[in-house]
Amino acid sequence: MLKEAYKNQQSVLELKPHSGRDFHTILMTAEKFMKQKKYKNAVVAYLNSILLNKANTPSYVGLSKAYKCLGNYEKAIKYLNLAKKNNSKTRYNFVINYELGINYLLNAAPYLAVSCFQEAIKLRPQNLSAQIQLAIAHELLDEPDFALMIYDKIIEEKPDFILCHNHKAGLFMQMGEFEEAAKVFKQILKINPEYFRANLGLGICLDKMERRHFAVRYYKKYIEKRPYSDTAKALAGRIIEIYSKKNTSSKKLRIVG
(Lines give C-alpha, C1' and ligand atoms only; values in the text may rest on other atoms or scores of the structure.)
Protein backbone atom coordinates (compact mmCIF):
# COMPACT_ATOMS: atom_id res chain seq x y z
CA MET A 1 0.00 0.00 0.00
CA LEU A 2 2.78 2.43 0.92
CA LYS A 3 4.88 1.39 -2.11
CA GLU A 4 1.93 2.05 -4.39
CA ALA A 5 1.40 5.47 -2.83
CA TYR A 6 5.09 6.19 -3.29
CA LYS A 7 5.01 5.25 -6.99
CA ASN A 8 2.15 7.68 -7.55
CA GLN A 9 4.22 10.55 -6.20
CA GLN A 10 6.97 12.40 -8.04
CA SER A 11 9.85 11.73 -5.70
CA VAL A 12 12.10 14.60 -4.69
CA LEU A 13 14.51 12.26 -2.94
CA GLU A 14 16.52 9.31 -4.19
CA LEU A 15 16.07 6.19 -2.07
CA LYS A 16 19.29 4.73 -0.73
CA PRO A 17 20.03 1.44 1.02
CA HIS A 18 18.26 1.05 4.35
CA SER A 19 19.99 2.61 7.33
CA GLY A 20 18.96 4.51 10.43
CA ARG A 21 21.03 7.43 9.22
CA ASP A 22 19.13 7.66 5.92
CA PHE A 23 15.81 7.44 7.71
CA HIS A 24 16.62 10.33 10.03
CA THR A 25 18.03 12.42 7.16
CA ILE A 26 14.84 12.01 5.12
CA LEU A 27 12.67 12.70 8.18
CA MET A 28 14.57 15.93 8.81
CA THR A 29 14.11 16.87 5.14
CA ALA A 30 10.35 16.27 5.44
CA GLU A 31 10.17 18.46 8.53
CA LYS A 32 12.10 21.18 6.69
CA PHE A 33 9.54 21.04 3.85
CA MET A 34 6.74 21.39 6.43
CA LYS A 35 8.33 24.54 7.87
CA GLN A 36 8.62 25.92 4.33
CA LYS A 37 4.94 25.02 3.70
CA LYS A 38 5.95 22.79 0.80
CA TYR A 39 3.40 20.19 1.78
CA LYS A 40 3.47 18.09 -1.40
CA ASN A 41 7.24 17.72 -1.12
CA ALA A 42 6.81 16.84 2.55
CA VAL A 43 4.35 14.07 1.63
CA VAL A 44 6.94 12.46 -0.66
CA ALA A 45 9.69 12.76 1.92
CA TYR A 46 7.57 11.25 4.69
CA LEU A 47 6.59 8.35 2.40
CA ASN A 48 10.28 7.74 1.66
CA SER A 49 10.97 7.75 5.37
CA ILE A 50 8.20 5.23 6.05
CA LEU A 51 9.48 2.94 3.30
CA LEU A 52 12.82 2.84 5.09
CA ASN A 53 11.26 2.27 8.50
CA LYS A 54 7.61 1.24 8.79
CA ALA A 55 7.72 1.36 12.60
CA ASN A 56 8.22 5.10 12.27
CA THR A 57 5.55 6.99 14.19
CA PRO A 58 6.91 10.57 13.65
CA SER A 59 6.70 10.12 9.87
CA TYR A 60 3.12 8.83 10.00
CA VAL A 61 2.12 11.79 12.16
CA GLY A 62 4.07 14.22 9.97
CA LEU A 63 2.49 12.75 6.84
CA SER A 64 -0.97 13.20 8.34
CA LYS A 65 -0.19 16.85 9.12
CA ALA A 66 1.01 17.43 5.55
CA TYR A 67 -2.23 15.96 4.19
CA LYS A 68 -4.23 18.05 6.68
CA CYS A 69 -2.52 21.20 5.39
CA LEU A 70 -3.39 20.09 1.84
CA GLY A 71 -7.04 19.74 2.86
CA ASN A 72 -7.05 15.97 2.39
CA TYR A 73 -8.51 15.01 5.77
CA GLU A 74 -9.38 11.44 4.84
CA LYS A 75 -5.74 10.64 4.06
CA ALA A 76 -4.66 12.45 7.20
CA ILE A 77 -7.01 10.20 9.20
CA LYS A 78 -5.78 7.11 7.35
CA TYR A 79 -2.14 7.71 8.28
CA LEU A 80 -2.96 8.65 11.87
CA ASN A 81 -4.74 5.32 12.23
CA LEU A 82 -1.64 3.62 10.78
CA ALA A 83 0.42 5.55 13.30
CA LYS A 84 -1.85 4.24 16.05
CA LYS A 85 -1.44 0.71 14.76
CA ASN A 86 2.34 0.87 14.38
CA ASN A 87 3.10 3.02 17.42
CA SER A 88 5.12 1.33 20.15
CA LYS A 89 6.07 4.47 22.10
CA THR A 90 3.48 5.91 24.46
CA ARG A 91 4.85 9.44 24.12
CA TYR A 92 3.10 9.74 20.74
CA ASN A 93 -0.32 8.63 21.98
CA PHE A 94 -1.52 12.12 22.87
CA VAL A 95 -0.60 13.76 19.57
CA ILE A 96 -2.11 10.87 17.57
CA ASN A 97 -5.45 11.11 19.38
CA TYR A 98 -5.46 14.90 19.33
CA GLU A 99 -4.69 15.09 15.61
CA LEU A 100 -7.29 12.42 14.87
CA GLY A 101 -9.87 14.51 16.70
CA ILE A 102 -8.92 17.64 14.76
CA ASN A 103 -9.13 15.84 11.42
CA TYR A 104 -12.49 14.28 12.27
CA LEU A 105 -13.80 17.77 13.04
CA LEU A 106 -12.41 19.09 9.76
CA ASN A 107 -13.92 16.11 7.94
CA ALA A 108 -17.38 16.85 9.40
CA ALA A 109 -17.39 13.87 11.75
CA PRO A 110 -17.62 15.40 15.26
CA TYR A 111 -19.17 12.20 16.67
CA LEU A 112 -15.85 10.43 15.96
CA ALA A 113 -13.81 13.36 17.26
CA VAL A 114 -15.34 13.20 20.75
CA SER A 115 -13.76 9.88 21.74
CA CYS A 116 -10.36 10.97 20.36
CA PHE A 117 -10.33 14.17 22.42
CA GLN A 118 -11.55 12.29 25.49
CA GLU A 119 -8.63 9.87 25.11
CA ALA A 120 -6.20 12.76 24.60
CA ILE A 121 -7.50 14.46 27.78
CA LYS A 122 -7.03 11.25 29.75
CA LEU A 123 -3.39 11.26 28.66
CA ARG A 124 -2.87 14.97 29.39
CA PRO A 125 -5.63 16.25 31.71
CA GLN A 126 -4.13 19.75 31.85
CA ASN A 127 -4.05 20.26 28.08
CA LEU A 128 -6.51 23.10 27.49
CA SER A 129 -6.45 22.82 23.69
CA ALA A 130 -7.85 19.28 23.81
CA GLN A 131 -10.56 20.40 26.24
CA ILE A 132 -11.54 23.32 24.01
CA GLN A 133 -11.71 21.05 20.96
CA LEU A 134 -13.89 18.57 22.85
CA ALA A 135 -16.31 21.39 23.67
CA ILE A 136 -16.36 22.45 20.01
CA ALA A 137 -17.17 18.85 19.02
CA HIS A 138 -20.15 18.91 21.40
CA GLU A 139 -21.25 22.24 19.90
CA LEU A 140 -21.20 20.71 16.43
CA LEU A 141 -23.22 17.77 17.73
CA ASP A 142 -25.85 20.25 18.95
CA GLU A 143 -25.04 19.48 22.59
CA PRO A 144 -24.54 23.00 24.00
CA ASP A 145 -25.01 21.94 27.62
CA PHE A 146 -21.98 19.63 27.43
CA ALA A 147 -19.94 22.35 25.73
CA LEU A 148 -20.87 24.96 28.35
CA MET A 149 -20.03 22.53 31.12
CA ILE A 150 -16.53 22.08 29.66
CA TYR A 151 -16.02 25.83 29.18
CA ASP A 152 -17.13 26.51 32.77
CA LYS A 153 -14.75 23.86 34.09
CA ILE A 154 -11.82 25.37 32.19
CA ILE A 155 -12.69 28.91 33.35
CA GLU A 156 -12.97 27.70 36.95
CA GLU A 157 -9.42 26.36 36.75
CA LYS A 158 -8.06 29.23 34.64
CA PRO A 159 -10.24 32.37 35.03
CA ASP A 160 -8.08 34.52 32.72
CA PHE A 161 -8.18 32.14 29.75
CA ILE A 162 -9.65 34.54 27.19
CA LEU A 163 -9.97 31.99 24.37
CA CYS A 164 -12.30 29.89 26.49
CA HIS A 165 -14.40 32.92 27.47
CA ASN A 166 -14.60 33.84 23.79
CA HIS A 167 -15.84 30.38 22.77
CA LYS A 168 -18.38 30.44 25.57
CA ALA A 169 -19.69 33.86 24.48
CA GLY A 170 -19.87 32.67 20.88
CA LEU A 171 -21.92 29.65 21.91
CA PHE A 172 -24.36 31.84 23.84
CA MET A 173 -24.75 33.97 20.72
CA GLN A 174 -25.50 30.89 18.61
CA MET A 175 -28.14 29.94 21.16
CA GLY A 176 -29.69 33.41 20.93
CA GLU A 177 -28.74 34.11 24.55
CA PHE A 178 -27.38 37.58 23.84
CA GLU A 179 -27.64 38.87 27.40
CA GLU A 180 -25.53 35.98 28.70
CA ALA A 181 -23.06 36.44 25.85
CA ALA A 182 -22.78 40.16 26.68
CA LYS A 183 -21.86 39.31 30.28
CA VAL A 184 -19.03 37.08 29.05
CA PHE A 185 -17.71 39.72 26.64
CA LYS A 186 -17.71 42.26 29.49
CA GLN A 187 -15.69 39.80 31.57
CA ILE A 188 -13.19 39.46 28.72
CA LEU A 189 -12.76 43.23 28.61
CA LYS A 190 -12.12 43.26 32.36
CA ILE A 191 -9.35 40.70 31.83
CA ASN A 192 -7.93 42.50 28.81
CA PRO A 193 -9.38 45.89 27.77
CA GLU A 194 -7.32 45.72 24.55
CA TYR A 195 -9.04 42.56 23.29
CA PHE A 196 -10.81 44.29 20.39
CA ARG A 197 -12.89 41.26 19.34
CA ALA A 198 -14.79 41.49 22.63
CA ASN A 199 -15.87 45.02 21.68
CA LEU A 200 -17.29 43.65 18.44
CA GLY A 201 -19.08 40.78 20.19
CA LEU A 202 -20.49 43.04 22.88
CA GLY A 203 -21.65 45.55 20.29
CA ILE A 204 -23.48 42.84 18.32
CA CYS A 205 -25.14 41.51 21.47
CA LEU A 206 -26.35 44.98 22.49
CA ASP A 207 -27.56 45.59 18.94
CA LYS A 208 -29.54 42.33 19.00
CA MET A 209 -30.99 43.35 22.39
CA GLU A 210 -32.12 46.65 20.78
CA ARG A 211 -29.80 48.67 22.98
CA ARG A 212 -28.37 50.23 19.88
CA HIS A 213 -26.97 53.45 21.34
CA PHE A 214 -24.77 51.31 23.62
CA ALA A 215 -23.91 49.02 20.68
CA VAL A 216 -22.57 52.02 18.74
CA ARG A 217 -20.17 52.77 21.59
CA TYR A 218 -18.54 49.35 21.28
CA TYR A 219 -18.65 49.34 17.49
CA LYS A 220 -16.64 52.56 17.57
CA LYS A 221 -14.11 51.01 19.95
CA TYR A 222 -13.64 48.11 17.54
CA ILE A 223 -13.25 50.49 14.57
CA GLU A 224 -10.65 52.46 16.54
CA LYS A 225 -8.57 49.29 16.97
CA ARG A 226 -9.09 47.88 13.44
CA PRO A 227 -9.85 50.92 11.24
CA TYR A 228 -8.92 49.35 7.89
CA SER A 229 -10.59 45.97 8.29
CA ASP A 230 -13.63 44.88 6.26
CA THR A 231 -15.51 44.43 9.53
CA ALA A 232 -14.83 48.08 10.45
CA LYS A 233 -16.31 49.20 7.11
CA ALA A 234 -19.44 47.10 7.72
CA LEU A 235 -19.76 48.50 11.25
CA ALA A 236 -19.47 52.07 9.96
CA GLY A 237 -22.42 51.33 7.70
CA ARG A 238 -24.36 49.86 10.61
CA ILE A 239 -23.66 52.94 12.77
CA ILE A 240 -25.00 55.22 10.01
CA GLU A 241 -28.09 53.01 9.80
CA ILE A 242 -28.65 53.19 13.56
CA TYR A 243 -28.28 57.00 13.61
CA SER A 244 -30.61 57.25 10.63
CA LYS A 245 -33.29 55.24 12.41
CA LYS A 246 -32.80 57.32 15.54
CA ASN A 247 -33.28 60.58 13.62
CA THR A 248 -36.40 59.21 11.89
CA SER A 249 -37.88 58.22 15.24
CA SER A 250 -37.16 61.68 16.66
CA LYS A 251 -38.94 63.34 13.73
CA LYS A 252 -41.96 61.10 14.18
CA LEU A 253 -42.09 61.94 17.88
CA ARG A 254 -42.04 65.67 17.09
CA ILE A 255 -44.85 65.28 14.55
CA VAL A 256 -46.98 63.34 17.04
CA GLY A 257 -46.33 65.95 19.69
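How many helices and how many strands are there in the protein? In this predicted model, there are 14 helices and zero strands, and the elements accordingly run α-α-α-α-α-α-α-α-α-α-α-α-α-α from the N terminus on. Of the 257 residues of the protein, 43% count as buried. Where contacts are restricted to residues at least 6 apart in sequence, 44% of them join residues at least 24 apart.

Nonpolar side chains in soluble globular proteins tend to be buried together. In the present model the largest nonpolar core holds 80 residues, and the members that touch the most other members are Leu63, Tyr151 and Phe185. Helix α3, which spans residues 39-52, gives the largest share of this core, namely eight residues. For phenylalanine 185, once residues up to four places away in sequence are set aside, the residues touched are Asn166, Ala169, Met173, Ala198, Gly201, Leu202 and Cys205. Cysteine 205, one of the residues touched by phenylalanine 185, also has its C-alpha 9.3 Å from that of glycine 176, although 29 residues separate glycine 176 and cysteine 205 in sequence. Glycine 176 itself is found in the loop between α10 (162-174) and α11 (178-191), where its relative accessibility of 40% places it in the partly exposed class.

Aromatic contacts were examined next. A pair of aromatic rings is described by the distance of the centres and the angle of the planes. The structure holds four aromatic pairs. In one of them, the ring centres of phenylalanine 94 and tyrosine 98 are 5.8 Å apart and the planes stand at 15°, so the pair is stacked, given that planes under 30 degrees apart count as such. Both residues belong to helix α6 (residues 93-106), in which phenylalanine 94 and tyrosine 98 are four residues apart, or about one turn of the helix. Phenylalanine 94 is buried, with a relative accessible area of 8%, and tyrosine 98 likewise counts as buried, at 17% relative accessibility. Together with Phe117, the residues Phe94 and Tyr98 form one aromatic cluster. A ring is also involved in a contact with a charge, in that the charged end of lysine 158 sits over the ring of phenylalanine 161, at 5.3 Å from the centre of that ring.

Two members of the aromatic cluster, Tyr98 and Phe117, are also touched by glutamine 133, whose contacts beyond four places in sequence comprise Tyr98, Ile102, Leu105 and Phe117. Glutamine 133 lies in helix α8 (residues 128-140) and is buried, its relative accessible area being 17%. A further set of contacts centres on valine 114, which is found in helix α7 (residues 110-123) and which, at 12% relative accessibility, counts as buried. When neighbours within four places in sequence are left aside, valine 114 is in contact with Leu134, Ala137, His138 and Leu141. For one of these partners, leucine 134, which stands 20 residues from valine 114 along the chain, the C-alpha atoms of the two residues are separated by 5.9 Å.

Attention then turned to empty space, which is revealed by rolling a probe the size of a water molecule over the atoms. The largest pocket has a volume of about 150 Å³ and is lined by 14 residues, among which Ala55, Asn56, Thr57, Pro58 and Lys89 lie nearest its centre. The elements that give two or more residues to this lining are α2 (20-35) and α4 (57-69), and the largest share, three residues, comes from α2.

Finally, two residues were noted for their backbone geometry. Aspartate 142, although not a glycine, has a positive phi of about 60°; this residue is placed in the loop between α8 and α9 (144-157) and is exposed, with a relative accessible area of 65%. Glutamate 210, again a residue other than glycine, has a positive phi near 65°. The position of glutamate 210 is in the loop between α12 (196-208) and α13 (212-225), where a relative accessible area of 60% makes glutamate 210 exposed.

Notes:
Residues are numbered from 1 along each chain as its sequence is written. This is a predicted model: local features need pLDDT of at least 70, side-chain atom pairs count only at pLDDT 80 or more; totals for chains, interfaces and linings use all residues. Side-chain values use heavy atoms; hydrogens and water are left out. Rings of Phe, Tyr and Trp (its six-membered ring) pair if their centres lie within 6.5 Å; planes under 30 degrees apart count as stacked, over 60 as edge-to-face and the rest as tilted. Buried means under 20% relative accessible area, exposed over 50%, partly exposed in between (1.4 Å probe, protein chains only). A charge sits over a ring if NZ of Lys or CZ of Arg is within 6 Å of the ring centre and within 35 degrees of the ring normal. A nonpolar core is a set of buried Ala, Val, Leu, Ile, Met, Phe, Trp, Tyr and Cys residues joined through side-chain atoms within 4.5 Å. Contact means heavy atoms within 4.5 Å. On a 1 Å grid over the protein atoms alone, a cavity is a set of points where a 1.4 Å probe fits but cannot get out, and a pocket is an open set with protein on both sides within 12 Å along at least five of seven lines; lining residues have an atom within 4 Å of a point. Grid points are joined across faces, edges and corners, and a volume is the space filled by probe spheres set on the points.
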